[in-house]
Number of protein chains: 2
Amino acid sequence: MKPWLLITLYRLAEVTSRPSEPHTTVNIASRLGFSQQTVSRHLIELENQGMIKREKATRGETVRITEKGMNELNKMYHTLHRVIEGPKTELTLEGEVFSGLGEGAYYVSQPIYMRQFQEKLGFTPFPGTLNVRLSKKHLKDRSLLESIGYIEIEGFKNGARSFGAGRCYRVLINEEVEAFVVAALRSHYGEDVLEILAPVNLRERLNLRDGDTVRIGFVR
Amino acid sequence: MKPWLLITLYRLAEVTSRPSEPHTTVNIASRLGFSQQTVSRHLIELENQGMIKREKATRGETVRITEKGMNELNKMYHTLHRVIEGPKTELTLEGEVFSGLGEGAYYVSQPIYMRQFQEKLGFTPFPGTLNVRLSKKHLKDRSLLESIGYIEIEGFKNGARSFGAGRCYRVLINEEVEAFVVAALRSHYGEDVLEILAPVNLRERLNLRDGDTVRIGFVR
DNA sequence: ATTACTAGTTGCCGAGTAA
DNA sequence: TTTACTCGGCAACTAGTAA
């Protein structure tokens with residue numbers, strides 16, 4: 001989404017939160033400090049992208065922010081929340097560290113994944129994942145992930161092999177180290193295993209050995 | 001502040017919330033989807049405006065958002081909070097309605113004020129103010145207003161007369177009607193009086209008569 | 001390596017105006 | 001009245017490159 005459209009959507013939210021008066025492009029323009037023409041163009045673009053819904057009224061039109069548009073604002077809100085209030089965990093799962101066969105490292109090291117981690121997560125990950133097997137008590141809570149925000153990592157094909165898409169959940173390990181849970185959409189592990197990606201070697205940083213328990217706090 | 005700079009500041013907040021790695025313009029650029037040159041320019045502009053502070057590191061540089069920059073983000077955050085969670089009152093004052101001599105209406109009706117109300121508050125106010133005298137119990141709380149956000153209305157000169165600047169606080173009257181408390185910087189009333197501006201006639205809308213008590217909830 | 005200047009291009013903004 | 005198209009101008013972007 002183009003930056004200035006995001007700003008317009010954000011400022012539009014202020015304006016249209018009072019739906020008592022119908023809006024005109026002139027009206028909105030004067031509040032946003034734009035020309036009528038620019039507002040018209042922005043409204044058209046926002047509507048094309050499904051962010052707002054407009055309906056003609058006798059004078060002017062009503063502007064409603066759609067669910068898709070609200071999602072966009074929600075994202076902004078939660079990002080700001082995290083920045084301003086500090087990361088807060090919403091859901092904590094617990095499990096045991098175990099050693100894999102290095103597949104995690106193999107997948108993570110694929111340059112196309114690496115570039116995405118760098119761009120979308122903001123760091124170059126340590127080339128390997130920490131495997132955690134969820135305790136029975138916490139396993140049933142895995143479904144709660146459905147309601148938690150994630151960052152999408154795209155799949156790709158490299159010659160004959162295809163590498164799947166995945167989701168990265170922002171987490172805090174043992175209330176201390178920022179990391180991401182990487183959930184492949186088709187995992188080579190079962191539902192009870194989470195793979196954790198971090199900018200540092202988590203085993204060293206937290207002094208972990210196989211069988212140790214770690215707490216995985218999911219951040220909004 | 002220019003819209004695209006605000007977006008850059010906002011997105012920078014995401015990036016720099018992890019100050020473990022020093023940042024490079026190339027790095028930030030790839031995350032924001034800009035070129036290295038554009039990021040360089042934005043960082044320069046943001047620093048000139050006092051929004052961020054940069055320091056050279058061995059490779060790249062550290063970027064810290066200053067208090068002024070955080071204020072900007074805070075504003076965004078609270079606006080989104082209001083839009084998403086709905087208006088929440090932070091402080092409620094109580095007082096009695098009384099009749100003025102119509103000075104409120106005279107001031108409010110000045111076209112230059114009116115245009116500002118329209119643009120900054122988002123509605124054309126009913127041409128008159130509701131006067132409320134705070135009860136003794138609540139009078140001491142008036143100073144709490146210092147910490148609450150407001151919208152600035154500029155003063156102006158109209159020939160010989162000069163009309164002062166003022167502040168508009170977003171309020172909810174009797175938990176029901178959205179309105180603004182207009183606090184002139186030099187008021188013709190004492191500290192115990194608040195003047196309330198709304199898009200509707202509050203006396204009619206809330207069926208108020210002199211001597212009735214109203215609750216004024218200040219919104220974040 | 002890094003940041004940032006210069007030059008040229010892209011594309012957003014707004015005046016005029018049609019619908 | 002209102003919204004939205006055309007088009008000229010200029011602001012912001014990126015490529016190249018210096019420091």
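**Figure 1. The largest nonpolar core of this predicted model, with its 45 residues.** Start with the residues that have the most contacts inside this core: A:I52, A:L73 and A:M76 from chain A, together with B:I52, B:L73 and B:M76 from chain B. As general background, nonpolar side chains in soluble globular proteins tend to be buried together.

**Figure 2. A closer look at B:M76 and the residues it touches.** Leaving aside residues up to four places away in sequence, B:M76 touches A:Y10, A:M76 and A:L80 in chain A. In chain B, the residues touched by B:M76 are B:L6 and B:Y10. Both A:M76 and B:M76 also appear among the core residues with the most contacts.

**Figure 3. Where A:F98 and A:Y189 meet, one of the aromatic pairs.** Over all chains, the structure holds 23 aromatic pairs. Here the ring centres of A:F98 and A:Y189 are 5.8 Å apart and the planes stand at 85 degrees; because that angle is over 60 degrees, the pair counts as edge-to-face. The two partners come from distant parts of chain A, 91 residues apart: A:F98 belongs to strand 3 (residues 89-98), while A:Y189 lies in the loop between strand 9 (177-184) and strand 10 (193-197). With a relative accessible area of 14%, A:F98 is buried. A:Y189 is buried too, at 17%.

**Figure 4. A second edge-to-face pair, A:Y113 with A:F156.** The centres of these rings are 5.0 Å from each other, with 75 degrees between the planes. This pair also links distant parts of chain A, 43 residues apart, with A:Y113 in helix 6 (residues 111-121) and A:F156 in strand 6 (residues 156-158). Both A:Y113 and A:F156 are buried. Zoom out a little to find the cluster that ring pairs build from A:Y106, A:Y107, A:Y113, A:F117, A:F156 and A:F163.

**Figure 5. Arginine over phenylalanine, shown for each chain.** In chain A, look for A:R133 over the face of A:F98, at 4.3 Å from the ring centre. A:F98 is the ring that pairs with A:Y189. In chain B, the charged end of B:R133 sits over the ring of B:F98, 4.3 Å from the centre.

**Figure 6. The contact between chain A and chain B.** Chain A brings 35 residues to this contact and chain B brings 37 residues. About 3400 Å² is buried between the chains, and carbon and sulfur atoms give 59% of that area. How many salt bridges are there between chain A and chain B? The count is zero.

Notes: Residues are numbered from 1 along each chain as its sequence is written. Chains are lettered from A and ligands numbered from 1 in the order in which they are written. This is a predicted model: local features need pLDDT of at least 70, side-chain atom pairs count only at pLDDT 80 or more; totals for chains, interfaces and linings use all residues. Side-chain values use heavy atoms; hydrogens and water are left out. A nonpolar core is a set of buried Ala, Val, Leu, Ile, Met, Phe, Trp, Tyr and Cys residues joined through side-chain atoms within 4.5 Å. Buried means under 20% relative accessible area, exposed over 50%, partly exposed in between (1.4 Å probe, protein chains only). Contact means heavy atoms within 4.5 Å. Rings of Phe, Tyr and Trp (its six-membered ring) pair if their centres lie within 6.5 Å; planes under 30 degrees apart count as stacked, over 60 as edge-to-face and the rest as tilted. Helices (H or I, at least four residues) and strands (E, at least two) are DSSP runs, numbered from the N terminus. A charge sits over a ring if NZ of Lys or CZ of Arg is within 6 Å of the ring centre and within 35 degrees of the ring normal. Buried area is the accessible area (1.4 Å probe) that two parts lose on being put together, summed over both. A salt bridge is a side-chain nitrogen of Lys or Arg within 4 Å of a carboxyl oxygen of Asp or Glu.
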